Structure formats: structure tokens, C-alpha cells
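Dear colleague,

I am passing on the structure we spoke about, with the sequence alongside. Please look through it first; my notes on what was found in it follow below.

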Amino acid sequence: MADVKLYGIPLSTYVRTARLALEEKGVAYDNIPIPPGTPDIAPHHPFGRVPGFEHGGFKLYETSAICRYVDEVFPGPAIAPKEPKARALMEQWISAISCYYDSTVTRVVIFERLVAPMFGNPTNEQRIKENLDVVGKRLDILNGALSGRKFLAGDSISIADLFLLPIMFYLELTPEKSLLAACPNIRRWYDSMASRPSFAKTVPQFPPKR
Ligand SMILES: N[C@@H](CCC(=O)N[C@@H](CS)C(=O)NCC(=O)O)C(=O)O
């Protein structure tokens, strides 16, 4: 049994972000696949969400706090820049992704296209249609931010990229990936992120369709 435990279903974008951080750092961990909103997650997350984290009895929740802790406590390549401007950009993007992209790309497009059918529910096409314009605009902003920049915070990978990757992975599985045709910088960034071993090691398994 590993000293580090990550509680939460691997299908969750946030759980995958924490797993990506652990993989990038080369930390051994056990992923205990507890769904959010269940009694079993309560001891690990007082708000009932995932992921929860534990290291030698120290318990933590909130993905960005988990990733920073993992970066600082374990050896392995840094996943947060030290230089103030790059660090501020990382913080900006962690916050922007958790707010403006989680609420639209994840909670509208990914939810309607991938999560609803998993539970045997139909996709609400109208909801997607109503949000498509804002999703496109947010992808444009991201595409602009990645112009002339390898990663969101500069030349090195950071926790911000690990927040974005699971969302883009799911977007790629939906018809709305067509929006990325107008976003060559996101495409370049995605292809480079998807070629990292941490990506392959954290691809979630989908349950059989109901
Ligand atoms: N701010 C939290 C967000 C975690 C979160 O929303 N996780 C999703 C899974 S991807 C969840 O638990 N959703 C259940 C819900 O919204 O009730 C973090 O950064 O860890």
C-alpha cells in the first residue's frame, strides 16, 4: 500500500488533475475510486466532492492545494514555476479554468455529451446550443493565451496545464471538438500534453453504457 492516497473516481476531471501531478512527480499512490456525493467520500471531503487526499495521516482537499503540496513535498521535476510572473500566470489559469471553463466546457458540454448518457439520460441539445457561443469564446481566449507559449505559464509545464488537460481530453470526445479547428495553439498544446507518459497513465476507463 502506498503512503499517498487519492480518494475519488478517476472519471473526475479534478481527480485526474491530481493524478497527473502525482505521475509528473513520480509519486506512488493508491487511487480509491469513491464517487462524489456519497457517504463514503464524507471523511475525505467535507463538501462531498472529489478528490480527497491523504499522505501519512495528513488529510487535504481542493485540487490546487493537493497539487502544490505534492510539488513541494516530493522530489521529482517541479510542476510550479518559481519566477513570480510565471507563477502568477499559473495561478491565474488555475483559477480561470476552475471557474470559467469548468462551468461551461465541463458542466455543460461534457456533462450533456458524456455524463448524461452514462446515466442513461438524453443529451440536452438545447442547453448545448445556448452555451456554444460562450464555449467558443472561452476557447478563443485560451488559444490566444497559448500563442507563442509552450505551456499556460510559459516554457515549462505547470499545475495550470494539469487542470486544463482532463477537460480538453473530454472535449475531444464530443462533436464540439470541432470548435478546436479554429484553435491551432490549443491543438499544439494538447498534442504535446497528450504525448507525456502522465497522460497515458491516467486515461480514465468509461463504464459500460446503461
Ligand atoms: N474546487 C474543487 C472542485 C472539485 C469538484 O467539483 N469535483 C467534481 C468532480 S469533477 C465533483 O465532486 N462534483 C460533484 C458535484 O459537483 O456535486 C477542487 O478543486 O477540488
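To begin with the cysteines, a search of the whole structure, which is a predicted model, turns up 0 disulfides. Cys67 takes part in none, and the cysteine sulfur nearest to its own, that of Cys99, lies 18 Å away, whereas a disulfide would need the two sulfur atoms within 2.5 Å. Cys67 counts as buried because its relative accessibility is 0%. Cys183 is likewise in no disulfide, its nearest cysteine sulfur being that of Cys99 at 20 Å, and Cys183 is counted as buried because its relative accessibility is 1%, with the cut-off for that class set at under 20%.

A second site that you may want to look at is Glu172, which sits in the loop between helix H5 (159–171) and helix H6 (184–194). Is Glu172 buried or exposed? Its relative accessible area is 17%, and so Glu172 falls in the buried class, given that this class takes in values under 20%. Once the neighbours within four places in sequence are left aside, the residues in contact with Glu172 are Lys177, Leu180, Arg187 and Tyr190; of these, Arg187 and Tyr190 have numbers that fall within the range of helix H6 (184–194).

As for the chain as a whole, its secondary structure consists of 7 helices and 4 strands, and, read from the N terminus, these elements follow one another in the order β-α-β-β-β-α-α-α-α-α-α. The radius of gyration is 17 Å, which agrees with the value near 17 Å that a compact globule of 210 residues would have, so the chain is in line with that rule. Along the principal axes, the C-alpha atoms fill a box of roughly 45 × 45 × 25 Å.

Of the 210 residues in the chain, 50% are buried. If one takes the contacts between residues at least 6 apart in sequence, 67% of them join residues that are at least 24 apart. The accessible surface of the chain amounts to about 10,200 Å², and carbon and sulfur atoms account for 58% of that surface. With regard to charge, the chain carries 25 positive and 22 negative side chains, and the centres of these two sets are 2 Å apart.

With best wishes

Methods
Residues numbered from 1 in each chain as written. Predicted model: local features only at pLDDT ≥ 70, side-chain atom pairs only at ≥ 80, totals over all residues. Heavy atoms only, no water. Helix = DSSP H or I, 4+ residues; strand = E, 2+ residues; numbered from the N terminus. Rg over C-alpha atoms; globule rule 2.2 N^0.38 Å. Buried < 20%, exposed > 50% of the residue type's maximum accessible area, 1.4 Å probe, protein only. Contact = heavy atoms within 4.5 Å. Areas by Shrake-Rupley, 256 points an atom, 1.4 Å probe, with all protein chains shown as cover. Lys, Arg positive; Asp, Glu negative; His and termini not counted. Charge placed at Lys NZ, Arg CZ, Asp CG, Glu CD.
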